[in-house]
Every structure is written in C-alpha cells, then in structure tokens.
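Hi everyone, and thanks for coming. I'd like to walk you through a structure that is probably new to most of you, so please have a look at it while I talk.

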Amino acid sequence: DVRSFKFAYTRVTGPFTMRNNGHTLSADLSNQGYGGINYADAWYQLMYINVHALSEHTYAGAHEPAELHLVHKRYDSDALLIVAVPLACNSPPPQGGVPLPVGAAYVAPSPVDPNFNPAVQLLLKSAPPPTMMQISVAGDEVTGPDITALLRGAPFLGYAGSTTAPPCAETVTWLVRSQPVLASDTQVRYLYDAVYASTGGRGNYRVAMPLQGRDIVPYRAVLELAPSIPYDPAEAVQSGSMQTDREYRSMKWAKDALRIATASLDYVRNLDQRLHGAAQASSAALRPGSVLGPSPSPAAAFASPAPAALVPGGGGIPIVAGAAGASGTPLMAGAPGAGGTPMGAGAPIAADRAAAAMAAMVAQAAKDAIKNATAQIAAEANATAFQVAHDAANMVLQGMGAT
C-alpha cells in the first residue's frame with residue numbers, strides 16, 4: 001500500500017545565506033515563504049537545505065557521493081520532517097576530495113555538462129564558503145532555480161528517526177528518496193570536495209544504523225500547486241495553534257512581550273515594598289528614646305523593631321531604662337544632654353516633629369523613585385511590545401502574500 005504526501009515549492013528567487021559550520025554546508029531558506037510539505041494533516045515549512053557526503057543512507061548497501069537534506073519544521077511545534085535526496089553522477093569524485101587550490105578562481109558548473117541539475121545549482125551559484133564562514137548568495141527573479149524536481153513523482157521511504165548530528169533528538173520524520181537524482185560530475189564533485197575539505201577529510205555522514213524494528217512505509221510525492229492545509233476552526237480556537245510557521249513565530253514573540261511586561265510589573269512592586277520598608281525603618285530610628293548605633297543590616301531594616309526596654313547601643317551593650325549614659329549619669333527625663341542643656345518636655349515633641357518630617361521626606365522620595373522607575377519600565381515595555389507587534393504583523397502579512 002503506497003501512501004502519498006503533498007508538497008509545494010516556489011522558485012528560489014531571492015537572496016539567501018550559505019553557511020559552512022565545519023560540519024555541513026547549509027542554504028538558509030527559513031522564513032522566506034518558499035513552500036513546504038503537507039504530511040499527516042500538518043504543514044511543514046522548508047527551512048534549510050544541508051549537504052552531506054557521503055550519503056547518510058545506503059542504497060543496495062552502498063553510499064552515493066552526496067545527499068541533500070531538505071529540512072522542514074512543523075508549523076506548531078519543534079518537530080522536523082527531513083527529505084533526503086541522494087545525488088549520483090557518471091564519474092564519482094576521488095575518495096577524500098580534492099580541495100580547490102588556494103587563490104584559484106571559482107568556475108561555476110556549466111549548464112551544458114551532462115546531467116546538469118538546475119536544482120542542485122542553487123547550492124553552487126557561488127563558491128562554497130570556507131570553514132566557519134558564510135556568504136550571501138544573490139537572488140534571481142528571472143531564472144531562480146526550482147527545487148520541485150527533487151521530489152516530483154518520486155518514490156520515497158518513510159520512517160520515524162532522529163537528527164543525524166548531536167543531540168540526535170528523536171523528533172524527525174524521514175522521507176528518503178529511494179532513487180538517486182542525477183547531477184553533473186562537476187556539481188557533485190564541488191559539493192563532495194567542499195564537505196571533505198571542511199571536515200578534515202572525514203566527510204559528514206553518519207554510519208548507517210540498524211532499523212531497530214522501525215516500520216518502513218512507501219510513499220510517493222505529489223505536487224500540489226495550491227496547498228490545502230487542513231484547518232479545524234474549533235481546534236484552532238481551543239489550542240490557539242497557527243497554520244503557518246510565520247504565525248507561530250508571531251505568537252511566540254507576543255508571548256515574550258507579555259512575559260517582559262509581567263516581569264517589569266513585578267520589579268516595580270518589589271521596589272515599592274523595599275522603599276516602604278526603608279521609610280519605616282528610618283522613621284523608627286528617629287523616634288524619641290531610640291539610640292542611634294551602627295547602621296542596621298538590610299535584613300534588619302525590614303525586621304520588627306526591638307522592644308523599647310532593650311535597644312542596641314553604639315557598643316552593642318543593651319541600654320536598659322535607668323542605665324548610665326556616656327558620663328555615667330542615668331539618662332532620665334530632665335537630665336542634661338551632651339551639650340549641658342536639660343532634655344525637658346519639649347525635646348520629645350521636637351523629636352516627634354523631626355521624625356515625622358524625615359518620614360515624609362523618605363516617603364516622598366520613595367514615591368518619586370517608584371514613579372520614575374515605573375515610567376522608565378513602562379516606556380521600555382511599551383517600546384518592546386510595539387516592536388514585537390510590528391514584526392508579528394509583518395510576518396503575518398508576508399505569509400498571507402506568499403500564499
């Protein structure tokens with residue numbers, strides 16, 4: 001029983017980035033609306049085309065010189081679907097590769113070469129970048145390559161597997177073309193040589209693994225000119241799931257903006273509590289009968305005040321009611337102070353006024369600080385939210401234009 005999956009790609013007409021991360025060559029086509037695959041009632045958007053040499057799958061027990069991986073990402077999760085396309089040519093490249101001589105000019109493969117493949121040429125419009133570097137590949141509105149030929153009408157074998165590079169996550173659906181695609185000798189050699197040159201002559205293919213009881217399901221690729229993406233309005237309302245990768249990313253950015261705003265509000269509340277505690281501590285320190293000692297620790301500023309009969313003195317010795325002061329005389333109402341002036345009945349009143357004034361000053365300073373902090377954080381949160389909303393709107397609009 002041969003099943004089918006539907007796909008739809010547009011010609012790659014715009015510029016894109018080609019990277020060499022020391023493990024693979026990769027064409028970054030993400031978020032450019034070049035199409036994808038409708039598989040098991042879910043849409044998978046095309047993200048990257050990666051190059052492997054030798055092939056990571058074997059055919060009749062043998063490797064092909066190279067293999068292309070078309071990496072797709074599911075619209076509402078991190079699940080991946082990878083289409084593996086083996087490349088073959090009339091004369092396989094020499095084992096281990098032959099790097100392009102230093103300083104030699106790059107000559108693109110000729111369209112008149114036998115088995116020249118326009119889809120493969122997408123990766124060879126410019127010289128492959130050196131290890132740990134990237135290049136920008138210019139677009140072509142007129143003759144931009146069409147990659148549909150890599151899949152159209154071809155037989156595939158599907159299975160559930162993992163990525164072929166660490167962490168080898170088991171989140172991949174593999175669709176492996178069971179018949180190699182032909183390309184010119186020069187095209188295959190350029191890709192093969194570039195991979196081997198950047199990996200120290202080892203290649204970047206993983207050793208074929210046993211099936212471990214996995215089911216292998218035959219498929220056939222069906223070109224769909226106008227993708228029909230399954231849509232259940234009730235499910236979309238309940239789960240909030242999006243129908244394209246752009247909309248999914250837009251929602252993620254909106255959630256990030258909400259998280260930033262919530263964190264800002266929590267920060268303001270915490271600041272208010274700390275300043276309020278500091279005001280209370282300052283007011284308590286200025287009350288009559290208090291003895292000013294060393295500055296309390298931050299924790300002490302928020303602790304309950306000590307009993308009036310046992311207040312820490314400057315030397316850490318408790319001053320009990322009736323105990324001797326600095327001159328050995330008990331500190332009692334009406335006794336002389338440090339300047340020889342009696343501390344009469346007016347002293348507590350003046351101290352109360354001073355304490356009230358200081359408390360008012362601290363409270364006002366706290367209000368001003370909170371007001372300024374709130375205004376600053378609100379401005380930053382609003383700016384962030386506005387930018388996120390702007391980017392999200394552009395993403396959605398671009399997605400609507402692409403369909």
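**A short tour**

Let me begin with one small residue: Ala-40 is exposed, with a relative accessible area of 61%. You can find Ala-40 in the loop that runs between strand S4 (35-39) and S5. Its phi is near 50°, a positive value in a residue other than glycine. Before going further, I should say that this is a predicted model.

There is another alanine of this kind. Ala-60 also isn't a glycine, yet its phi is positive, at about 55°. Look for Ala-60 in the loop between S6 and strand S7 (62-63). With a relative accessibility of 90%, Ala-60 counts as exposed.

While we are on the backbone, where is the cis peptide bond? The bond from Ala-53 to Leu-54 is cis, with omega near 0°. Leu-54 sits in the loop between S5 and strand S6 (58-59). Please remember Ala-53, as we'll come back to that residue.

Now let's step back to the whole chain. The protein chain has six helices and 16 strands. Of its 403 residues, 35% are buried. If we take contacts between residues at least 6 apart in sequence, 66% of them join residues at least 24 apart. The accessible surface comes to about 22400 Å², and carbon and sulfur atoms account for 61% of that.

Let's turn to helix H2, residues 185-198. Is H2 enclosed or open? Ten of its 14 residues would be my way of starting the answer: 10 of the 14 residues of H2 are buried, so the helix is largely enclosed by the rest of the structure. Among the buried ones are Val-188, Leu-191, Ala-194 and Val-195, along with Tyr-190, Tyr-192 and Tyr-196. What do they pack against? The buried residues of H2 pack against strands S2 (16-20), S3 (25-28), S5 (42-52), S8 (66-74) and S9 (80-88), and against helix H1 (118-121).

The length of H2 works out nicely too. At 1.5 Å a residue, its 14 residues should span 20 Å, and the end C-alpha atoms are 20 Å apart, which agrees. Just after H2 comes Gly-200, with a positive phi of about 65°.

H2 also carries a salt bridge. The side chains of Asp-193 and Arg-189 meet at 3.7 Å, N to O. These two are four residues apart in H2, so about one helical turn separates them. Asp-193 is buried at 6% relative accessible area, while Arg-189 counts as partly exposed at 31%.

How many salt bridges are there in the structure? There are four, and I'll show you two more. Arg-19 pairs with Asp-28, with the closest N and O atoms 2.9 Å apart. Here Arg-19 is partly exposed, at 33% relative accessibility, and Asp-28 is buried, at 13%. Then Asp-76 pairs with Arg-74, with the closest N and O atoms 2.5 Å apart. Asp-76 is partly exposed at 26%, and Arg-74 is partly exposed at 23%.

Staying in that part of the sequence, have a look at Lys-73, in strand S8. Lys-73 counts as buried, at 13% relative accessibility. Its side chain reaches the backbone oxygen of Ser-77 at 2.8 Å.

Next, a residue I'd like you to zoom in on: Asn-204, in the loop between H2 and strand S14 (217-223). Buried or exposed? At 4% relative accessibility, Asn-204 counts as buried. And here is Ala-53 again: the side chain of Asn-204 reaches the backbone nitrogen of Ala-53 at 2.8 Å. A polar contact of 3.5 Å also joins the side chains of Asn-204 and Thr-24. Leaving aside neighbours within four places in sequence, the contacts of Asn-204 include His-23, His-52, Glu-56 and Thr-199. Val-195 of H2, one of the buried residues I named earlier, is in contact with Asn-204 as well.

Finally, let's go back out to the surface. Leu-157, Leu-211 and Ile-216 form a nonpolar patch there, with about 250 Å² of accessible area together. Leu-157 belongs to strand S11 (residues 155-161), and at 38% relative accessibility it counts as partly exposed.

That's the end of the tour, and I'm happy to take your questions.

Methods: Residues are numbered from 1 along each chain as its sequence is written. This is a predicted model: local features need pLDDT of at least 70, side-chain atom pairs count only at pLDDT 80 or more; totals for chains, interfaces and linings use all residues. Side-chain values use heavy atoms; hydrogens and water are left out. Buried means under 20% relative accessible area, exposed over 50%, partly exposed in between (1.4 Å probe, protein chains only). A polar contact is a pair of N or O atoms within 3.5 Å; within protein, one must be able to donate a hydrogen and the other to accept it, and residues adjacent in sequence count only if both atoms are side-chain atoms. Contact means heavy atoms within 4.5 Å. The expected span of a helix is 1.5 Å times one less than its number of residues. Accessible areas come from the Shrake-Rupley method with a 1.4 Å probe; for residues, only the protein chains shown count as cover. Patches are made of residues with over 30% relative accessible area and no salt bridge: like charges are joined within 9 Å, nonpolar side chains (Val, Leu, Ile, Met, Phe, Trp, Tyr) within 5 Å.
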